[in-house]
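Work through these exercises with the structure open beside you. Try each task before you read its solution.

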Number of protein chains: 2
Amino acid sequence: MSTISIKDIAAKAQVSTATVSYVINGTRNVSRKTRERVEQVIEEMNYKPNNAAQSLKRRRTNTIGVIAEDVTVFNVPEIIDGINDCADRLDMHILLTNLRLDKRIGRQFDQVDAYRKYAEDAVSELLGKQVDGMIYIGAHPRDLTGLFDTEGKPIVYTYCYTQNDVSIQYDDEQASFEAISYLTNKGHSRIAIISGAVDSMPSRLRLGGFYKAITAFELPFNPQWIKMGDWEAESGYRLAKELLESPEPPTAILAMNDVMAVGVMRAAKELGIQIPDQLSIIGFDNREFSEYVSPSITTMDLPLHEMGYKAMEALSHILQGEQVETGEKPVCKLIERDSVAELAN
Amino acid sequence: MSTISIKDIAAKAQVSTATVSYVINGTRNVSRKTRERVEQVIEEMNYKPNNAAQSLKRRRTNTIGVIAEDVTVFNVPEIIDGINDCADRLDMHILLTNLRLDKRIGRQFDQVDAYRKYAEDAVSELLGKQVDGMIYIGAHPRDLTGLFDTEGKPIVYTYCYTQNDVSIQYDDEQASFEAISYLTNKGHSRIAIISGAVDSMPSRLRLGGFYKAITAFELPFNPQWIKMGDWEAESGYRLAKELLESPEPPTAILAMNDVMAVGVMRAAKELGIQIPDQLSIIGFDNREFSEYVSPSITTMDLPLHEMGYKAMEALSHILQGEQVETGEKPVCKLIERDSVAELAN
DNA sequence: TCCTTTATGTTAAACGATTAGATTTTGTTC
DNA sequence: GAACAAAATCTAATCGTTTAACATAAAGGA
């Protein structure tokens, strides 16, 4: 049991505890001779400073709280990995709180009140734990404004949208713009889009990117090609059927997530439509399965690691009293697979 | 900033700090009148005890360190979720350390020395943080014996095998036995198995379950039906080809993970063999994609949540000086999907 | 009435570090 | 070797709790 304290070191090295502390932290000059002596004793006794005592005195714990809506949702681990990557370099530690929202209240993304309690409890716990700051990881991107009273401790949000707080989110508009751009490069112009739940921020922004793209590339505009899904496979299936059975079927469909893209594929299969030869599909999220289904799905990969990293970076800047420069948004990257084909004229 | 201390509460409630402490912790009788007064002041001032000070005095932090080999590997988040679920109930907190092994040294599962450094650093950090104990989560099941010196702090392992320490692992033997049992119920008797890397513990144990099953059910034994893969899709593909092109092809294949099962499916497709009509497949892991590929893969679901929960439970028992009863191993469950068919005679 | 419990409080010493400010040692210069 | 400055080291207060030891008042028993 690591029950040796700075006093033991001081005694054995025949110096005061102050000197030992100075050696450890390099906060004052210590002669080479004593420094080496102290260091050797520390080594010998395998001494590690007691973090609780340090935190108490220093009034900072070098620990941040990470609140995850649900660690088992696909995007969360990768974001945690990013946070961790950065935290390691900054010598920060992560106190993880998992809200388990998917298990506790399901996927009712709009029911803010329902999880308010869980989130508030989590924040309160973390504050008691004296974290220096917090990062909130959404499991499903959406609005989340002024939810928490963090009693002055900084909090950075990621994978969600907030109004007054710092929030790290990828560029939704750019993502759908790039997807459409890729399709036009492949010769497509009759492009349909299946959105996620239409009241959600990412749906709105990605639709914005879509409009921007069809304007920029002067594509034909057909309101029938804009369908409102709900993120679930079933809606992808149903809406793809509508699209493909309509008098003016599109040659390509952009689904706002891979799950709906799978629904689209199922619809196409039922109608005897070959993918990608007769219909091209692009998804979103680069879910693991999108690589394994056949054909594999071309999809927009989300910069999850980067988001986590940047969130930690931003938090660290805030903690050091620096201004947080809200630079370029992290950007999605198209992963080319087998669900898109060059359009034969 | 939560800069109010127990002294402020004591002053405002006109009692000593001791009394406040007794009220908070219920460690001694306090008259109803003063108790209520103190509680009201605490409420009013929104006071939260300083955890660093508590930890220092109590010599325990109510915090455990969780060391994950790589949080982005499929099994890890679910295990963390289980740990978290239990920790919540015990009022314990989780300090997460992510070794990022997959990124840092790839999937060389056998190169124990390569990550020893990372793991030791992690343990050392956590000890400095004064965690009460630790849980180690493997990302790939394998032997891991006597790796860490935790200076007397208890450590529980999960998703890996150890010799002297407490380790929570599911029942590998039962899992493959059950898979074979299911296949025989469906009328299969010519059953092949594609193992993972043969020097790994789970491969060996699952082969044990396989042998047990063919003995118990008196199935024909053909050494050609036992193939040694390496967990990767390519090996599933290659070995399935060997099996299917042999003079005595099996009617069912048990692959020791879903990734290899996908390889098997690819091989079957190339050979024009219909799944499940001409060949049944069972995988392992219940990976997300196994539900989305077509046909969807019947697979053994690992009790990950339960493992996490039990690991936390075991650690808590150790911390309370209780004996850890190594009860039943968590058990895998077969998920019926579309890759297995009743064998037509 | 006196003594013993019991209930309720308070005082003050830890826990193990950090860090002003005081003190001692060393080095430099004449 | 004296005088002084600079460098090295030490003393002791402090961070915010917990808790053993002690103090006091009220209650109960003879």
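**Exercise 1. The DNA surface**

Of the atoms of DNA strand D within 4 Å of the protein, what percentage belong to sugar or phosphate?

Solution. This is a predicted model. Start with the strand's atoms within 4 Å of the protein: 60% belong to sugar or phosphate. The rest belong to bases. Now turn to the protein side. There, 30 residues surround DNA strand D. The closest are Thr19(A), Arg28(A), Arg59(A), Ile6(B) and Ser21(B). Finally, sort the residues of this surface by character: 11 are nonpolar, 12 polar and 7 charged.

**Exercise 2. Polar contacts with the strand**

Find which atoms of DNA strand D lie close to polar side-chain atoms of Thr19(A), Arg59(A) and Lys57(B).

Solution. Take Thr19(A) to begin with. An N or O atom of its side chain is 2.7 Å from a phosphate oxygen of DNA strand D. Next comes Arg59(A). One of its polar side-chain atoms lies 2.5 Å from a phosphate oxygen of the strand. Then check Lys57(B). Here the partner is a base oxygen of DNA strand D, 3.0 Å from a polar side-chain atom. Last, place the surface on the fold. In chain A, helix H2 (17-25) and helix H4 (51-58) each give two or more residues to the surface near DNA strand D. In chain B, helix H2 (17-25) and helix H4 (51-58) do so too.

**Exercise 3. Two cis peptide bonds**

Locate the cis bonds that lead into Pro276(A) and Pro295(A), and say where each proline sits.

Solution. Recall the background: most peptide bonds are trans. The bond from Ile275(A) to Pro276(A) is cis, with omega near 5°. Pro276(A) sits in the loop between helix H11 (258-270) and strand E9 (280-284) of chain A. The bond from Ser294(A) to Pro295(A) is also cis, and its omega is near 0°. Pro295(A) is in the loop between helix H12 (289-292) and strand E10 (298-301) of chain A.

**Exercise 4. Positive phi**

Decide for Glu218(A) and Gln130(B): buried or exposed?

Solution. Most residues other than glycine have a negative phi. Glu218(A) is not a glycine, yet its phi is positive, about 55°. Its loop runs between helix H9 (201-216) and strand E7 (226-228) of chain A. Exposed means over 50% relative accessible area. Glu218(A) has 70% relative accessibility, so it counts as exposed.

Gln130(B) also has a positive phi, near 65°. Its loop lies between helix H7 (112-128) and strand E3 (133-137) of chain B. Buried means under 20%. Gln130(B) has a relative accessible area of 17%, so it is buried.

Notes. Residues numbered from 1 in each chain as written. Chains lettered and ligands numbered in written order. Predicted model: local features only at pLDDT ≥ 70, side-chain atom pairs only at ≥ 80, totals over all residues. Heavy atoms only, no water. Near = heavy atom within 4 Å. Polar contact = N/O pair within 3.5 Å; in protein donor to acceptor, adjacent residues only side chain to side chain. Helix = DSSP H or I, 4+ residues; strand = E, 2+ residues; numbered from the N terminus. Nonpolar A, V, L, I, M, F, W, Y, C, P; charged D, E, K, R; others polar. Buried < 20%, exposed > 50% of the residue type's maximum accessible area, 1.4 Å probe, protein only.
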